[in-house]
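Work through the following exercises with the sequence and the model side by side. Try each task on your own before you read its solution.

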Amino acid sequence: MSRLSYQLAGVFAVLLCATWPAAAAVDGVGDSGFSVTETAHVTASPDQVYAALIVPSKWWDSAHTFSQNAANLTLDAKAGGCWCETLPGGGSVMHMTVAYVAPGKALRLRGALGPFQGMGVDGAMTVMLKLAGDGTDITMTYAMGGYAKGGFIDLAKAADGVLGEQLARLVKVAGPH
């Protein structure tokens, strides 16, 4: 499937979900990985969006956690910090490690989300915040590389859908109340 086909599929998915304020696209997919980019605009300042971003328990969907409860998520927003989850019975999960922090501007995390953790892959998620008009443009990019039995096409589509959903939830939390 061509790059344009993936981009068109992302646009079609956005059109099907009228309440989804984000635009999504699989930027590229190959034998060794993929990249997806989600974008949205919210009528809130970059500082307000950043404040919401670093509290994933408020915007990440419980269905996409190991414990099925987003309240168990924490993010230590400093280089080397953990985006972690506590599990019942004393367990825990490190979803990603904080690699770069520029409050109100950017956050970069490294790691393999969810089911990717059990694969031979690694990823980088970068969230960029830019003052634009009446609010903030948000760009969330997740690049994944490594080995995946069966390739990356279906994984890219799944990641695109999940991250688009999470960005839409972030927009709702960060937006006007």
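**Exercise 1.** Which residues does Thr126 touch, not counting residues up to four places away in sequence?

*Solution.* Before starting, note that this is a predicted model, in which local features need pLDDT of at least 70 and side-chain atom pairs count only at pLDDT 80 or more, while totals for chains, interfaces and linings use all residues. Residues are numbered from 1 along each chain as its sequence is written, and side-chain values use heavy atoms, with hydrogens and water left out.

Step 1: locate Thr126, which lies in strand 7, residues 120-132 (helices, H or I with at least four residues, and strands, E with at least two, are DSSP runs numbered from the N terminus).

Step 2: list the contacts, where contact means heavy atoms within 4.5 Å. Leaving out residues up to four places away in sequence, Thr126 touches Leu107, Arg108, Thr139, Met140 and Thr141.

Step 3: look at the side chains, since that of Thr126 makes a polar contact with the side chain of Arg108 at 2.8 Å. A polar contact is a pair of N or O atoms within 3.5 Å; within protein, one must be able to donate a hydrogen and the other to accept it, and residues adjacent in sequence count only if both atoms are side-chain atoms.

Step 4: check the accessibility; Thr126 has a relative accessible area of 14%, so it is buried (buried means under 20% relative accessible area, exposed over 50%, and partly exposed in between, with a 1.4 Å probe and protein chains only).

**Exercise 2.** Describe the overall make-up of the protein.

*Solution.* Step 1: the secondary structure comes to three helices and eight strands, and from the N terminus on the elements run α-β-β-α-β-β-β-β-β-β-α.

Step 2: of the 177 residues in the protein, 45% are buried.

Step 3: among contacts between residues at least 6 apart in sequence, 49% join residues at least 24 apart.

**Exercise 3.** Which residues of helix 2 are buried, and how are they arranged around the axis?

*Solution.* Step 1: in helix 2, which covers residues 46-53, the buried residues are Pro46, Val49, Tyr50, Ala52 and Leu53.

Step 2: these residues lie on the same side of helix 2, because they cover an arc of only 160 degrees around the axis (the arc being that of the directions from the helix axis to the C-beta atoms).

**Exercise 4.** Examine Trp59 and Asp61 in the loop that follows.

*Solution.* Step 1: Trp59 is in the loop between helix 2 and strand 3, and at 2% relative accessibility Trp59 counts as buried.

Step 2: leaving aside neighbours within four places in sequence, Trp59 is in contact with Ala52, Leu53, Met140, Gln166, Arg169, Leu170 and Val173. The C-alpha atoms of Trp59 and Gln166 are separated by 6.9 Å, although these residues are 107 residues apart along the chain. In addition, a polar atom of the side chain of Trp59 lies 3.1 Å from the backbone oxygen of Ala52.

Step 3: Asp61 also has its place in the loop between helix 2 and strand 3, and Asp61 touches Ala70, Glu165, Gln166 and Arg169, again not counting residues up to four places away in sequence.

Step 4: Asp61 is buried yet has no salt bridge, the nearest side chain of opposite charge, Arg169, being 4.3 Å away. A salt bridge is a side-chain nitrogen of Lys or Arg within 4 Å of a carboxyl oxygen of Asp or Glu; as for charge, Lys and Arg count as positive and Asp and Glu as negative, while His and the chain ends are not counted. A polar atom of the Asp61 side chain does lie 3.1 Å from the backbone nitrogen of Ala63.

**Exercise 5.** How many salt bridges are there, and which residues form them?

*Solution.* Step 1: the count comes to two salt bridges.

Step 2: Lys78 forms a salt bridge with Asp76, with the closest N and O atoms 3.8 Å apart. Lys78 is partly exposed at a relative accessible area of 49%, and Asp76 is partly exposed at 36%.

Step 3: Arg110 forms a salt bridge with Asp122, with the closest N and O atoms 3.0 Å apart. This pair links distant parts of the chain, with Arg110 in strand 6 (residues 106-110) and Asp122 in strand 7, twelve residues apart.
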